[in-house]
Amino acid sequence: MILGVLNQKGGVGKTTIAVNIAATLAGEGRRVLLIDADPQGSALAWSSARTRDPLFPVVGMAKPTLHRDLPSLARGYDAVIVDGAPRANDLARAAILACDTVLIPVQPSPYDVWAAQETVELLREARIYKEALAGAFVINRKIGNSAIGRDVTSALEPFAMPVLEPPLCQRVVYAESAAQGLSVAEAAPRGEAAREIAALVAAIVDICERKDAA
Ligand SMILES: Nc1ncnc2c1ncn2[C@@H]1O[C@H](COP(=O)(O)OP(=O)(O)OP(=O)(O)O)[C@@H](O)[C@H]1O
Ligand SMILES: [Mg+2]
């Protein structure tokens, strides 16, 4: 499984989601590698902030050749998670081509829905070379049972891509845990954030297994 968490829009939650998905998959006993494909190095900073034993290695590889370099790096791992960079089109294109499944985090705001177009376009282009490339949206920072939280799912319909359940809500534990290089499951194992991440990972594993069976 090579899973990209990608969106050229900045600050949508790529690193937060990548780190927490990686931690949950590692907690389930999978051999996990996290690739920091962002020159900002946020996932590397997360692992440097950590004082506990690492859950998985984090490797920095913000290169437009990622799709060529990743297969040899990925050998020996059950799951490789790629944390993408904002803006850089060449890096985004390489990251999409390196992955077999792409998650696009979107915040419940019209600006995020409009901006998603750019990443969806790159995904469509990449499908010319990689027909089986799967894509799905993840709604991040949903606020309670807000109307905009519900509307965003219908606003994403024209993109004709699945929206994974459950959405991730706006919760302070995502930033608090990151400051210590922890996952939400480590910082608050019985919290709502840990529960929603575990359910999201189950949905992702389901997509990947169905893809493998096809
Ligand atoms: N569900 C959430 N609830 C609360 N805060 C969140 C949530 N998701 C992300 N954040 C916060 O939003 C900010 C941006 O998140 P993050 O760095 O993961 O986004 P990003 O897409 O990786 O950004 P960049 O494009 O700069 O790489 C961070 O401060 C993070 O702690
Ligand atoms: Mg990031």
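How far is an oxygen atom of ligand 1 from a polar backbone atom of Gly11? The distance is 2.9 Å. Keep in mind that this is a predicted model.

Let's stay with the ligand. Gly13 also makes a backbone contact: one of its N or O atoms lies 3.0 Å from a ligand oxygen. Then comes Lys14. Here the side chain is involved, with an N or O atom 2.7 Å from an oxygen of ligand 1. On its own, ligand 1 has 630 Å² of accessible area, and the protein covers 79% of that.

Where does ligand 1 sit? In the largest pocket. Two elements give two or more residues each to the shell around the ligand: helix H1, residues 14-27, and helix H7, residues 173-179. H1 has the largest share, with 3 residues.

Now the shell itself. There are 18 residues around ligand 1. The nearest are Lys14, Thr15, Thr16, Arg141 and Cys169. By type, the shell splits into 8 polar, 5 nonpolar and 5 charged residues.

Next, the cavity. The structure holds 1 cavity of 30 Å³ or more. The volume of the largest cavity is about 70 Å³. Which helix gives the most to the lining of the largest cavity? Helix H4, residues 89-98, with 3 residues. The lining includes Leu91, Ala92 and Ala95. Leu6, Asn7 and Gln8 are also among the lining residues, as are Ala37, Gly84, Ala85 and Thr119. No charged residue is in that lining; it divides into 6 nonpolar and 4 polar. The ligand shell, by contrast, has 5 charged residues.

Conventions: Residues are numbered from 1 along each chain as its sequence is written. Chains are lettered from A and ligands numbered from 1 in the order in which they are written. This is a predicted model: local features need pLDDT of at least 70, side-chain atom pairs count only at pLDDT 80 or more; totals for chains, interfaces and linings use all residues. Side-chain values use heavy atoms; hydrogens and water are left out. On a 1 Å grid over the protein atoms alone, a cavity is a set of points where a 1.4 Å probe fits but cannot get out, and a pocket is an open set with protein on both sides within 12 Å along at least five of seven lines; lining residues have an atom within 4 Å of a point. Grid points are joined across faces, edges and corners, and a volume is the space filled by probe spheres set on the points. Helices (H or I, at least four residues) and strands (E, at least two) are DSSP runs, numbered from the N terminus. Ala, Val, Leu, Ile, Met, Phe, Trp, Tyr, Cys and Pro count as nonpolar, Asp, Glu, Lys and Arg as charged, and the others, Gly among them, as polar. A residue is near a molecule or strand if one of its heavy atoms lies within 4 Å of it. A polar contact is a pair of N or O atoms within 3.5 Å; within protein, one must be able to donate a hydrogen and the other to accept it, and residues adjacent in sequence count only if both atoms are side-chain atoms. Accessible areas come from the Shrake-Rupley method with a 1.4 Å probe; for residues, only the protein chains shown count as cover. A molecule sits in a cavity or pocket if more than half of its atoms lie within 2 Å of its grid points.
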